[in-house]
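Subject: The model, and what turned up in it

Hi,

Here is the structure I promised to pass on. Have a look at it first, and then read my notes below.

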Amino acid sequence: RKCPWFRNAAPLLADTRASPPMATFVEIRDGVRLETRRYGDPTRSRALVVWGHGLCNSMAGEDEDMLWNFWHARGDGNGTGPGPGDDDDDDDGAVAMDAHVVRYSARGHGESSPSTTPADCAWDTLGGDMLALARECRRDASQRLVLGGASMGAASAIHAAVRVARERERAGSSPETIAGLVLVIVPTFHETRRRRRSQILAAAERGFGAFLKSKKPRPIFAGTDREDEPPRLVGVREDSFEHVMAASADSDLPPSDVIANALRDVPILALCWDCGDKTHPPSSAAAIETRLAPHADVRVAKTLEETRGWSEAVRAFVSGLGAGE
């Protein structure tokens, strides 16, 4: 089945480097449409990679950061990706790993459908959205399904994997098997999430305007030639800001044993950092490595330079799934 792309539209947030691929919309259920960008060949690629961004971020914000834009042939961190005059809508990275990459704006972000209640933006709901988008875009059962994302997108991917496992337990089968997960800068969860809740609620109380003014560069840029860059673009919709923040404050990952059961047979690449970023602490990486998925390939960068190979690591991971079959 071909992905049901329809109605081209200009992105809500402009990418200042170059024109990104034209945004298209996919209806995942009645009344819910997700803004997407796609890279690679949807009809012949060996794998489908569905990718979600972080809380209040956007596809354009990720393009500005250039930290994990593996769908391009260039851009392995440190600001070494496509620059002015370069072809920023290239999909050579996707082609190189024989994948169709579908990036999307989460509900309440970009030009995707606004939220109607906080429940629309809860991590579990977002995991369902990611899975629904994957099912709409997957060519057929022969196309390997890889789910991933950064921060909130990583949490969405884990929730999606748990949903698939529960479907299999209830029905004895599932419409798909997840071939791999790519988890980037995993957010706080469980014990650390409870401490994070008050910070999110305080930001929501200050309001959307104050949130825009409070944005700062990522901690990983500190002490580098990127520390003075303007903060990345904000992707959350103003009309959904309160719901998005309330949902994030109340969201968490499933219990450890539930996650471990769902992920035990799923290849995982986790790219995290230890740079003073309290929103994406190294304890999350340690929990994946010790409790949730001991078989995962977990890599922790302490400097911006150490993130330089992240995009290539993702491409190698996706290319290697099912190798030799």
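Before the pockets, a word on terms: helices (H or I, at least four residues) and strands (E, at least two) are DSSP runs, numbered from the N terminus. On a 1 Å grid over the protein atoms alone, a pocket is an open set of points with protein on both sides within 12 Å along at least five of seven lines, while a cavity is a set where a 1.4 Å probe fits but cannot get out; lining residues have an atom within 4 Å of a point. Grid points are joined across faces, edges and corners, and a volume is the space filled by probe spheres set on the points.

Please keep in mind that this is a predicted model, where local features need pLDDT of at least 70 and side-chain atom pairs count only at pLDDT 80 or more, while totals for chains, interfaces and linings use all residues. Residues are numbered from 1 along each chain as its sequence is written, and side-chain values use heavy atoms, with hydrogens and water left out.

**The whole protein**

The protein has 10 helices and nine strands. Of its 325 residues, 57% are buried, where buried means under 20% relative accessible area, exposed over 50%, and partly exposed in between (1.4 Å probe, protein chains only). The accessible surface is about 13300 Å², and carbon and sulfur atoms hold 50% of that; the areas come from the Shrake-Rupley method with a 1.4 Å probe, and for residues only the protein chains shown count as cover. A contact means heavy atoms within 4.5 Å. Among contacts between residues at least 6 apart in sequence, 75% link residues at least 24 apart.

**The pockets**

The largest pocket has a volume of about 870 Å³. It is lined by 32 residues, and those closest to its centre are Arg-196, Phe-211, Lys-215, Arg-232 and Thr-279. Three elements give two or more residues to this lining: α5 (191-206), α6 (208-214) and α7 (241-250). The biggest contribution, six residues, is from α5. By class, the lining of the largest pocket has 14 nonpolar, nine polar and nine charged residues. Here Ala, Val, Leu, Ile, Met, Phe, Trp, Tyr, Cys and Pro count as nonpolar, Asp, Glu, Lys and Arg as charged, and the others, Gly among them, as polar.

The second largest pocket holds about 230 Å³ of space. Its lining includes Arg-168, Glu-169, Arg-264 and Asp-265. Both α4 (152-171) and α8 (256-263) supply at least two residues there, and α4 gives the most, with five. In this lining, six residues are nonpolar, two are polar and four are charged.

**The cavities**

There are two cavities of 30 Å³ or more. The second largest has a volume of about 30 Å³ and is lined by Gly-52, His-53, Tyr-104, Ala-106, Met-152, Gly-153 and Ser-156. Helix α4 turns up again here, with the largest share of the lining at three residues. That lining has three nonpolar residues, four polar ones and no charged ones.

**An enclosed strand**

Strand β8 (residues 268-273) is largely enclosed by the rest of the structure, because six of its six residues are buried. On one side the buried residues are Ile-268, Ala-270 and Cys-272, and on the other they are Leu-269, Leu-271 and Trp-273. Two strands pair if DSSP finds at least two bridges between them. Strand β7 (residues 178-184) runs parallel to β8 and is joined to it by four bridges; Leu-183 has Ala-270 as its bridge partner. Five bridges join β8 to the parallel strand β9 (residues 297-301), where Leu-271 is partnered by Arg-299.

**Backbone points to check**

Most residues other than glycine have a negative phi. Ser-151 is not a glycine, yet its phi is positive, about 55°. This serine sits in the loop between β6 (144-150) and α4, and it is buried at 8% relative accessibility. Ile-185 also has a positive phi, of about 35°. The loop between β7 and α5 holds Ile-185, which is buried with a relative accessible area of 1%. Finally, Gly-322, which follows α10, has a positive phi near 75°.

Best wishes
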